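Got your viewer open? Let's take a walk through this model together, one selection at a time.

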Amino acid sequence: MFSLLFGKRPGQSVCSSLRALQNQLSTSAAVYRAKLPHEKMRYAPPVTELKLGIYTPESRRTGIIARKKGMTGMWDEWGVRVPVTVLQLDSVKVVHIIKTSNPNHPRLQIGCGVRKEKNTTKSLLGHFKAQGIEPKAKLFEFPITPDAVLPVGTEITAAHFVPGQLVDVTAISTGKGFQGVMKRWGFAGGRASHGNSLAHRTPGSTGNINPGRVYPGKKMPGRMGGKSVTVLRLPVMKVDTALNCIWVKGSVPGPDEQYIKVRDSIKLVKHRLFPEGATVPFPTYISGQSADLPRETIARVGGHDPLIPRAD
Amino acid sequence: MLAVRSFSQSALAKDSQTFIVPKMQFEKPLVKPEEKRPNVMKVIEREALARADVDGRSKLFIRRAPPKERLCAGDVVFVETINSISDPSATTTFSGVCIAIYRRGIDTSFILRNIVHKVGVEMRFMAYSPLIKRIEIMQKTTRVRRAKLFYLRENPGRTFQLKALKKMSKSASSTAKKN
């Protein structure tokens, strides 16, 4: 408009068009900046109180951080020995409800263990104080569905798990140091005899002459272990509410006393998450509201007695 | 030195719940009063042993006990096992020379070796398995200088020609027929 009114002054018109361009740029930048993650609209589900909900197959409960205590054995209802790992829930609490950009995918921050105040960094201590929770040794976030949100400060006990259900366990595996390709990647190695000289455990060739280089990701000797490993679909064999322990069938990565993550199994092709007819504590087991449980409950393996051969 | 399991406490529950409640319940964990911060694994093992030790068989596996009261390597041992929990009346017996004992709390086991039809046979038994009905020491060893008698595989000598082993195999077959 300015340039139309004072059309015979080219210098001015150039100046104004520049300004318009600047305006345009600034508006587009504002639009662009609105899409940046830190300027997004963020949602936190409104949590009023702790009360029981109804579990649906689409619901996803929170996972927990537990402590691996060690391995032992037990016998199932048929007298078959089952190796188990004992995981203890050491004052597991909901520390924070994480705001996310998608209202359908909230996350819960779960804390486990006890950390001394003097050993907590100031920034972390401020986070704990803002939530009104004593400092925790370990923190981790678990994605959940909006119906499984728990208020901050809720304690999650071993009764959160149902005997017979399946869980995924994520833990850092035992560090094995610098290892060769036979142990680290399962290479076959060389021959033991027939003129083999100093090449019993070597990786052999690392590639052809044609590219003249080694492809990235070539399996070679190096540091083994000490990485996060997830073991899928471990059945919960026993739940002990007095010791606050769950017994998981089989082994769990890493050394004893380390913190591990346990969640309801997510890859369930040809598997059931919970045993048929089981009452699922949803969103978690709430003492006073949920039905009382005996101290120890053992999973029912069911099916046919494996020690009696079948007729067919 | 006889240890027999009674089957009134066998854990074949038939209620319709999705879980099993153990017959023998400890309302409070078996924590000793002097334990201020109890080790969970020790408590669990203590409870498991208290449950499995219905017939006092744990006395056979105390390392510090005098040799007369405990199971030693070299003893002739008779073991009766039930074939399955759903039919506890059907049992199998085995007797042999104990060549090794592994003391691991609830996972304690021992190996028996015998010559059956001129073939060396070794059986490993979990001491606290609910399938083991009876553990009986038939004859104490005279003199053994090792904890593990694996040399008997190579140099048995006259070890497996003991009268107790032969007697036991006869009596066991007769008792099995009665059952």
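Start by selecting A:N244, which sits in the loop between β10 (228-240) and β11 (245-249) of chain A. The names come from DSSP runs numbered from the N terminus: helices are H or I runs of at least four residues, strands are E runs of at least two. Before we go on, a word on the ground rules: this is a predicted model, where local features need pLDDT of at least 70, side-chain atom pairs count only at pLDDT 80 or more, and totals for chains, interfaces and linings use all residues. Residues are numbered from 1 along each chain as its sequence is written, while chains are lettered from A and ligands numbered from 1 in the order in which they are written.

Is A:N244 buried or exposed? It counts as buried because 20 other C-beta atoms lie within 10 Å. The cut-offs go like this: 20 or more other C-beta atoms within 10 Å of a residue's own means buried, 12 or fewer means exposed, and anything in between is partly exposed, with C-beta atoms placed from the backbone. Now check the backbone of A:N244: phi is near 60°, a positive value in a residue other than glycine. Most residues other than glycine have a negative phi, and most peptide bonds are trans.

**Around the hairpin**

Widen your selection to β10(A) and β11(A). They form a hairpin with four residues between them, and A:N244 is in the turn. The two strands pair in the antiparallel sense over four bridges; strands count as paired if DSSP finds at least two bridges between them. To see one partnership, pick A:V239 and look across to its bridge partner in β11(A), A:I246.

β10(A) has other partners too. Add β7 (residues 166-172) of chain A, which runs antiparallel to β10(A) and is joined to it by six bridges. Here A:I172 stands opposite A:S228. Then add β13(A), which pairs with β10(A) in the antiparallel sense over three bridges. In that pairing, look for A:K238 opposite A:I298.

**Into the core**

Next, select A:I110, A:V236, A:I246 and A:V248. These have the most contacts inside the largest nonpolar core, which has 51 residues. A nonpolar core is a set of buried Ala, Val, Leu, Ile, Met, Phe, Trp, Tyr and Cys residues joined through C-beta atoms within 7 Å. The largest share of this core, five residues, comes from β1(A).

Zoom in on A:V236. Leaving out residues up to four places away in sequence, its contacts include A:F161, A:V167, A:I246, A:V248 and A:A299. Being in contact means that two C-beta atoms, placed from the backbone, lie within 7 Å.

**Two odd spots in chain A**

Jump to A:L198, in the loop between α4 (181-185) and β9 (222-224) of chain A. Its phi is near 55°, again a positive value in a residue other than glycine. Because A:L198 has 7 C-beta neighbours inside 10 Å, it counts as exposed.

Now find A:F282 and A:P283, which are joined by a cis peptide bond with omega about 0°. A:P283 is in the loop between β12 (259-264) and β13 of chain A.

**Across to chain B**

Follow chain A to where it meets chain B. How many residues does each chain bring to the contact? Chain A gives 29 and chain B gives 26. On the chain A side, β1 (64-75), β2 (81-88) and β13 (296-299) each supply at least two residues, and β1(A) has the largest share, with five.

Select β13(A) again, along with β2 (residues 19-20) of chain B: these strands run antiparallel and are joined by two bridges. A:I298 has B:I20 as its bridge partner.

Finish with chain B as a whole. Its two helices and seven strands follow the pattern β-β-α-β-β-β-β-β-α along the sequence. Of its 179 residues, 26% are buried. Colour by pLDDT, the predictor's confidence in each residue from 0 to 100: chain B averages 85, and 84% of its residues score at least 70. Last stop: residues 6-14 of chain B, where pLDDT stays under 50.
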